[in-house]
Every structure is written in C-alpha cells, then in structure tokens.
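Trainee: Could you walk me through reading this model, one feature at a time?
Mentor: Sure, let's put it on screen and start with burial.

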Amino acid sequence: MLTTQARLAMRNNQPVRLVGDLYHIIDIKRVNGTIRMIATIKKIGLAEGKYEPIDVDIEYLERA
C-alpha cells in the first residue's frame, strides 16, 4: 500500500487487510534513517478489546 493511501485510510477510519483479517490504522511513523514507514494497526472484530496494537510495514497492507 502506498503511504498516501495508508494516511487516507487512517484519516477516514477505513479498514485495511493483512493476511485475510481486517485492521484499523492507529498511527503511521517513519523509521529513523530509512524511507520505511511503519503503521500501528489494531484488529477489527467482536473481541477487539483483547487484541493489542501491532507495528507492521505499510508495504504489507492492502485496501479492504
């Protein structure tokens, strides 16, 4: 996923797909010294409270 697409999905609270599951993007940050962007995502589902946010490279995310 492109950085602009990820920022738009975060701003509009749109879900993104990672390995078949849906997630919301909470935050996007740049890794120091590189051009890599990391997204903090949280799983969408019935038991959202038990899932912890995880950090994932933006390139692995897809639009849902």
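Trainee: What share of the 64 residues of the protein chain counts as buried?
Mentor: Cut-offs come before the number. Buried means under 20% relative accessible area, exposed means over 50%, and partly exposed is in between, with a 1.4 Å probe and protein chains only. By that scale, 27% of the 64 residues of the protein chain are buried. Keep in mind that this is a predicted model: local features need pLDDT of at least 70, side-chain atom pairs count only at pLDDT 80 or more, and totals for chains, interfaces and linings use all residues. Residues are numbered from 1 along each chain as its sequence is written, and side-chain values use heavy atoms, with hydrogens and water left out.

Trainee: Which elements does the protein chain have, and in what order do they run?
Mentor: Helices (H or I, at least four residues) and strands (E, at least two) are DSSP runs, numbered from the N terminus. The protein chain has one helix and five strands, and from the N terminus on the order is α-β-β-β-β-β. The radius of gyration is 11 Å, close to the 11 Å from the globule rule for 64 residues, so the protein chain is as compact as a globular protein of that length. That radius is taken over C-alpha atoms, and the rule is 2.2 Å times the number of residues to the power 0.38. Along its principal axes, the C-alpha trace spans about 35 × 20 × 20 Å.

Trainee: How do I read a nonpolar core?
Mentor: In soluble globular proteins, nonpolar side chains tend to be buried together. A nonpolar core is a set of buried Ala, Val, Leu, Ile, Met, Phe, Trp, Tyr and Cys residues joined through side-chain atoms within 4.5 Å. Here the largest one has 14 residues, and Val16, Ile25, Ile28, Ala39, Ile41, Ile58 and Leu61 have the most contacts inside it. Helix H1 (3-11) and strands S1 (16-18), S2 (21-30) and S3 (37-43) each supply at least two residues of this core.

Trainee: Which residues does Leu61 touch?
Mentor: Contact means heavy atoms within 4.5 Å. Leaving out residues up to four places away in sequence, Leu61 touches Met1, Val16, Arg17, Leu18, Ile25, Ala39, Ile41 and Val56.

Trainee: And Tyr23: buried or exposed?
Mentor: Tyr23, in strand S2, is buried at a relative accessible area of 11%. Again skipping residues up to four places away in sequence, the contacts of Tyr23 include Gln14, Pro15, Val16 and Ile41. Another of its contacts is Lys42; the C-alpha atoms of Tyr23 and Lys42 are separated by 5.3 Å, although the two are 19 residues apart along the chain.

Trainee: How many salt bridges are there by the rule?
Mentor: Side chains of opposite charge can pair when their charged atoms come close. The rule asks for a side-chain nitrogen of Lys or Arg within 4 Å of a carboxyl oxygen of Asp or Glu, and the count comes to four. Take Lys43 and Asp21, whose closest N and O atoms are 3.4 Å apart. This pair links distant parts of the chain, strand S3 and strand S2, 22 residues apart. Lys43 is partly exposed at 21%, and Asp21 is partly exposed at 30%.

Trainee: What do Asp55 and Lys29 tie together?
Mentor: Their salt bridge has its closest N and O atoms 3.9 Å apart. Asp55 lies in strand S4 (residues 54-57) and Lys29 in strand S2, so the pair ties together parts that are 26 residues apart in sequence.

Trainee: Which residues form a network through shared salt-bridge partners?
Mentor: Begin with Arg36 and Glu59, a salt bridge with closest N and O atoms 2.9 Å apart. Arg36 sits in the loop between S2 and S3, and Glu59 in the loop between S4 and strand S5 (62-63), 23 residues apart. Arg36 is partly exposed at 37%, whereas Glu59 is exposed at 53%. Salt bridges that share partners join Arg36, Asp57 and Glu59 into one network.

Trainee: Which backbone angles should I look at?
Mentor: Check positive phi outside glycine. Asn13, in the loop between H1 and S1, has a positive phi of about 60°. Val19 has a positive phi of about 55°; Val19 is in the loop between S1 and S2 and is exposed, at 78% relative accessible area.
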